[in-house]
Amino acid sequence: MDLKENLICDLEDTDEKYYEHNIDEEAYEDIIFNSKYDDFEFAIFLRAKYYFFKKEYTRAKTEIERISNKTKPHSSHLFVLADKRIDTYTLKKVEYDLAAEIYAELDDNEKSLQFYKRSRYYSTISQSDFSGMACAYVYSFRQTNTYALSDIATNSITVCNPSVMNDPLDSLYQHWATYGNFNKTSSRKKHIKSLVDSYRYFRVRSFVGNKKLTKDNSVIRKVTMWSHYADNHKGFCIRYKFSKGMIDHSDKDQYRHYFLKRISYNKVRNKIDIVVSEMDYNQLFTTKSYEWKYENEVRFISYDPTCEEDYFQIKLDLDSQIDAIYFGYRCTDSDIALIKKVAGDEVKYYKMDIDPSNVYRLSIKQM
């Protein structure tokens with residue numbers, strides 16, 4: 001493998017084995033300045049990475065600063081390097097990862113965390129399973145309490161830290177992105193704290209949805225969901241209509257992003273080892289045990305590097321709405337009246353009931 005191919009072969013690899021051979025400055029500069037690249041920014045990135053692996057961190061910082069504060073256009077495009085197709089979002093991610101490691105080696109942990117936050121944002125771009133859809137219908141089973149009523153009254157959804165979810169293994173990044181794990185799997189140590197801290201800003205919200213996220217009465221008839229999440233049928237279920245902007249939304253100025261993903265359910269025989277240096281984002285955020293398959297979960301994932309709270313509300317945009325509310329079989333008349341008062345007249349209302357002709361299938365009656 002020649003020098004140029006060696007430098008490009010794995011953009012995201014941080015193992016020093018790729019840089020153990022001797023590269024003289026003249027040969028390297030010839031590659032950087034005389035080779036043809038579709039994007040000159042990538043050439044600067046290669047220079048910074050080269051100095052980083054030579055442990056010339058101040059020179060690496062000088063190079064990375066030439067590009068680390070630039071932003072790319074919001075839309076992604078592809079370019080080709082050594083026959084490898086690379087999108088601009090991937091390039092920004094690896095640039096920010098490198099910048100974070102450089103600043104960590106220079107003992108600037110604040111700057112290191114800043115760039116790891118940016119990398120997390122670019123890591124999630126294009127992660128939605130439903131991008132391009134005009135709208136999506138998702139269901140949320142709720143107890144009748146202050147928090148649920150607040151979401152209705154403010155036309156919001158509340159997202160939470162995965163650590164407060166009922167499944168301790170929900171969102172595997174909680175167990176993977178830890179100091180202890182990275183200390184075992186990383187050859188360098190200074191960047192670990194800021195890397196771990198950058199994962200603290202993910203929040204999630206669980207919904208239920210059918211395959212195409214359309215209106216589907218089979219979803220609302222799930223007896224187990226009413227039993228487990230709607231206070232033993234005394235609660236209610238909201239059907240949300242999400243616009244394109246709620247399905248996948250990016251704020252590149254603040255490095256905030258939220259999007260919908262479908263949960264995949266892993267069978268026990270498919271072992272997942274988290275004592276590794278790299279993991280796929282789908283494994284980290286949207287993989288659960290097969291035992292949860294009955295939930296048909298669609299997950300709303302938020303990354304907001306400005307928010308420290310375990311819970312916070314995200315307002316529905318103008319094109320999204322509460323489309324319908326279904327009251328549980330045991331929901332009291334007083335709770336129904338309260339919820340209808342808060343939600344208003346434009347929402348469609350239904351009541352779940354027992355179907356005597358098919359007792360294990362709940363019936364739905366419009367109110």
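Select serine 264 to begin. At 36% relative accessibility, serine 264 counts as partly exposed, because the value falls between the limits for buried (under 20% relative accessible area) and exposed (over 50%), taken with a 1.4 Å probe on protein chains only. This is a predicted model, in which local features need pLDDT of at least 70 and side-chain atom pairs pLDDT 80 or more, while totals for chains, interfaces and linings use all residues. Residues are numbered from 1 along each chain as its sequence is written, and side-chain values use heavy atoms, with hydrogens and water left out.

Stay on serine 264. The residue sits in strand S9 (residues 264-266). Helices (H or I, at least four residues) and strands (E, at least two) are DSSP runs, numbered from the N terminus. Now show Thr286, Thr287 and Lys288: serine 264 contacts these, neighbours within four places in sequence aside. Contact means heavy atoms within 4.5 Å. Add tryptophan 292, 28 residues along the chain; its C-alpha atom is 9.6 Å from that of serine 264.

Next, select serine 302, in strand S11 (residues 297-303). Serine 302 is buried, at 2% relative accessible area. Beyond four places in sequence, serine 302 touches Tyr201, Phe202, Arg203, His257, Tyr258, Phe312 and Ile314.

S11 also leads to the second largest pocket, as one of the elements that supply at least two residues of its lining. The space there is about 890 Å³. A pocket is an open set of points on a 1 Å grid over the protein atoms alone, where a 1.4 Å probe fits, with protein on both sides within 12 Å along at least five of seven lines; lining residues have an atom within 4 Å of a point. Volume is the space filled by probe spheres set on the points, which are joined across faces, edges and corners.

Which residues are closest to the centre of this pocket? Select Phe141, Arg142, Met165, Arg205 and Tyr229, out of 30 that line it. Then colour S5 (202-208). S5 gives the largest share of the lining, 5 residues.

Move to helices H4 (residues 57-64) and H5 (residues 88-105), whose axes come within 10 Å and cross at roughly 145°. Axes are lines fitted to C-alpha atoms over the stretch in contact, with angles from 0 to 180 degrees between N-to-C directions. Show Tyr57, Ala60, Lys61 and Ile64 of H4 against Glu95, Leu98, Ala99, Ile102, Tyr103 and Glu105 of H5.

Finally, zoom out. The chain has 15 helices and 15 strands. Of its 367 residues, 50% count as buried.
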